[in-house]
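Biologist: I should like to go through this structure with you. Could we take it step by step?
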Protein chains: 2
Amino acid sequence: MAKRINFGDMESNRQIDELTELVQQGHLKYLPHMSVDSVIFSFHECQLKVLLLRMMDQPLYSLPGGYVGREEDLDGAAQRILQERTGLDNIYLEQCGAFGDHRRTERKEGQDLFQSLGVQVPNGNWIVQRFISVGYYALVNHAAAQPSPGFLDAECKWWPAGELPTMIFDHRAIVQKALDTLRLLLDHKVARSRLLPETFTMNELQHLYESILGKSLLRANFQRKMLSMDLLERLDKKFGGGAHKAPYLYRFK
Amino acid sequence: MAKRINFGDMESNRQIDELTELVQQGHLKYLPHMSVDSVIFSFHECQLKVLLLRMMDQPLYSLPGGYVGREEDLDGAAQRILQERTGLDNIYLEQCGAFGDHRRTERKEGQDLFQSLGVQVPNGNWIVQRFISVGYYALVNHAAAQPSPGFLDAECKWWPAGELPTMIFDHRAIVQKALDTLRLLLDHKVARSRLLPETFTMNELQHLYESILGKSLLRANFQRKMLSMDLLERLDKKFGGGAHKAPYLYRFK
């Protein structure tokens, strides 16, 4: 649920003060022209999901992103920003690309955001100049991750990867690049991720692959391929009762 | 062979003038804090090779790199820089990562370069500030690529990936990241690359894989894996004569 912002209250005044300071002083603290955006995937109800934010009273969604401190490592910035904007901590982030089309942040969404909040942005201010963004992505366990919006955002929630809302700038292309990277590296990544609970059935694993690849797989072929890669350990059957029907449980070695 | 620089000649005066202008005016033309470096691989004499530059009278080698124009796409900058510094044109470059440790360009190699050439670099000048570099890589055909140094460099040549000379900053780590990326994506990349001539024997293909992976492979296993991936088309034998000994030629489908 979106949290309603009342511009008369103290919380919003603090938000406006912080944004005003970011516009006026941010270039002293952060590198100009350089940002980070992260694509956080989880797997829930047989769907691949992506974590998106929506800032106060803004119509468009965005990836959790931010700026790189002048004395801060790029990878460290990605970790800090994710923590500040979603509460997610200690997430293993990897890069999926640098997004550098020279008009990518030219659209007026940036300026709109500040102006609708009553924050003045002088022409040529660092915050509305060109930004190159480095994209990161991570695979997290849906049950363990409990994201919540930082103080600038009204909403922080999971969206099905196939049903994303309208996003700012090229954020949808960043999601697509993270997904493409994930697809290329699927077997490596899935085994090392926490997308699935510790033990799972072959059927659950197949649903996960299908939701990432965006297509159906033949059950027999999928099972043969998975077992031939020598990544899985077979455990006991899932539950007692009708032993013929109960599926085996697996875990990654 | 290294081209000797004589600082009394007109060519060097032009180089010093251009470098002086870069130091003094470059921040107007290029984004600050942002660079591009490319790792160009070829395969020659059964070795994976990397293209490196050495600037005039400098001891250290570097990747072909440069700055991103303020109105230029990041990918376009990588193409332009590679062309300017090596003469290689129309190369299919892909990213292998963004390198952003905040001390990565703090070493004095940058300042040394300019000062040894007699170019004054004021403290805090844009060119000796922190740079985040986006790494690109490409696989090129050794026979077709004819690299030559741009006017700032004395040398532009292929080095065996296993015997690289001392390089500036974290350029060796960028080569390693490109190599890791290539290894992860090997089957996809090799088939789409021009590392091998159009037709090749299974033995040549195995040598290429071995030189990229940095280890020996069992011939029978390698052949079985390659044929099972359905990427290769088998052609006639390589040459006449002793038909039993002549190897088959292959090409990628």
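Biologist: To begin with a single residue, how does B:E84 count in terms of relative accessibility?
Modeller: B:E84 counts as partly exposed, because its relative accessibility is 44%. Please keep in mind throughout that this is a predicted model.

Biologist: With which residue does the side chain of B:E84 meet in a salt bridge?
Modeller: The partner is B:R80, with an N to O distance of 3.2 Å. B:R80 is also partly exposed, at 23% relative accessibility.

Biologist: Where do B:E84 and B:R80 sit with respect to one another?
Modeller: Both are in helix 2 (residues 74-86) of chain B. They are four residues apart there, so about one helical turn separates them.

Biologist: Which residues of chain A are linked in a network of salt bridges?
Modeller: The network links A:E72, A:R80 and A:E84.

Biologist: How many salt bridges does the structure hold over all chains?
Modeller: There are 20 over all chains. One of them joins A:E155 and A:R54, whose closest N and O atoms are 3.0 Å apart. A:E155 belongs to strand 7 of chain A and A:R54 to strand 2 of chain A, so this salt bridge ties together parts that are 101 residues apart in sequence.

Biologist: Are A:E155 and A:R54 buried or exposed?
Modeller: A:E155 is buried, at 8% relative accessibility, and A:R54 is buried as well, at 12%. The cut-off for buried is under 20% relative accessible area, so both values qualify.

Biologist: How do strand 2 and strand 7 of chain A pair?
Modeller: Strand 2 (residues 47-55) and strand 7 of chain A pair in the antiparallel sense, over seven bridges. Within this pairing, A:L51 stands opposite A:W158 in strand 7 of chain A. Strand 7 (residues 153-160) of chain A is mostly covered, since seven of its eight residues are buried.

Biologist: What holds paired strands together in general?
Modeller: Strands of a sheet pair through backbone hydrogen bonds, in either a parallel or an antiparallel manner.

Biologist: Another sheet, then. In what order do the three strands of the open sheet in chain A run?
Modeller: The order is 8-10-9, and the pairing is antiparallel. Strand 8 (200-201) and strand 9 (232-237) of chain A stand at the edges; each has a single partner strand, so one side of each lacks a neighbour in the sheet. Strand 8 of chain A pairs with strand 10 (residues 248-252) of chain A over two bridges. There, A:T201 stands opposite A:L249 in strand 10 of chain A.

Biologist: Let us step back. How many helices and strands are in chain A?
Modeller: Chain A has seven helices and ten strands. Its C-alpha trace spans about 70 × 35 × 30 Å along the principal axes. Of the 253 residues in chain A, 51% are buried.

Biologist: What about the region where the chains meet: how many residues does each chain give to the contact?
Modeller: Chain A gives 23 residues and chain B gives 23 residues. The area buried between chain A and chain B is about 2,000 Å², and carbon and sulfur atoms give 59% of that area.

Biologist: How many salt bridges and polar contacts are counted between the two chains?
Modeller: Between chain A and chain B there are zero salt bridges, while 14 residue pairs are in polar contact. On the side of chain A that touches chain B, two or more residues come from each of strand 1 (30-44), strand 4 (65-69), strand 5 (94-99) and strand 6 (132-139) of chain A. Strand 1 of chain A gives the most, with four residues. By class, that side has ten nonpolar, seven polar and six charged residues.

Biologist: One residue of chain B to finish. With which residues is B:H33 in contact, leaving aside neighbours within four places in sequence?
Modeller: B:H33 is in contact with residues of chain A, namely A:L31, A:P32 and A:R70, and with B:Q129, B:R130, B:F131 and B:I132. B:H33 has its place in strand 1 (residues 30-44) of chain B and is buried, with a relative accessible area of 6%. Its side chain reaches the backbone oxygen of B:R130 at 2.8 Å.

How values were computed. Residues numbered from 1 in each chain as written. Chains lettered and ligands numbered in written order. Predicted model: local features only at pLDDT ≥ 70, side-chain atom pairs only at ≥ 80, totals over all residues. Heavy atoms only, no water. Contact = heavy atoms within 4.5 Å. Buried area = accessible area lost by both parts, 1.4 Å probe. Salt bridge = Lys/Arg side-chain N within 4 Å of Asp/Glu carboxyl O. Polar contact = N/O pair within 3.5 Å; in protein donor to acceptor, adjacent residues only side chain to side chain. Nonpolar A, V, L, I, M, F, W, Y, C, P; charged D, E, K, R; others polar. Pairing = 2+ DSSP bridges. Buried < 20%, exposed > 50% of the residue type's maximum accessible area, 1.4 Å probe, protein only.
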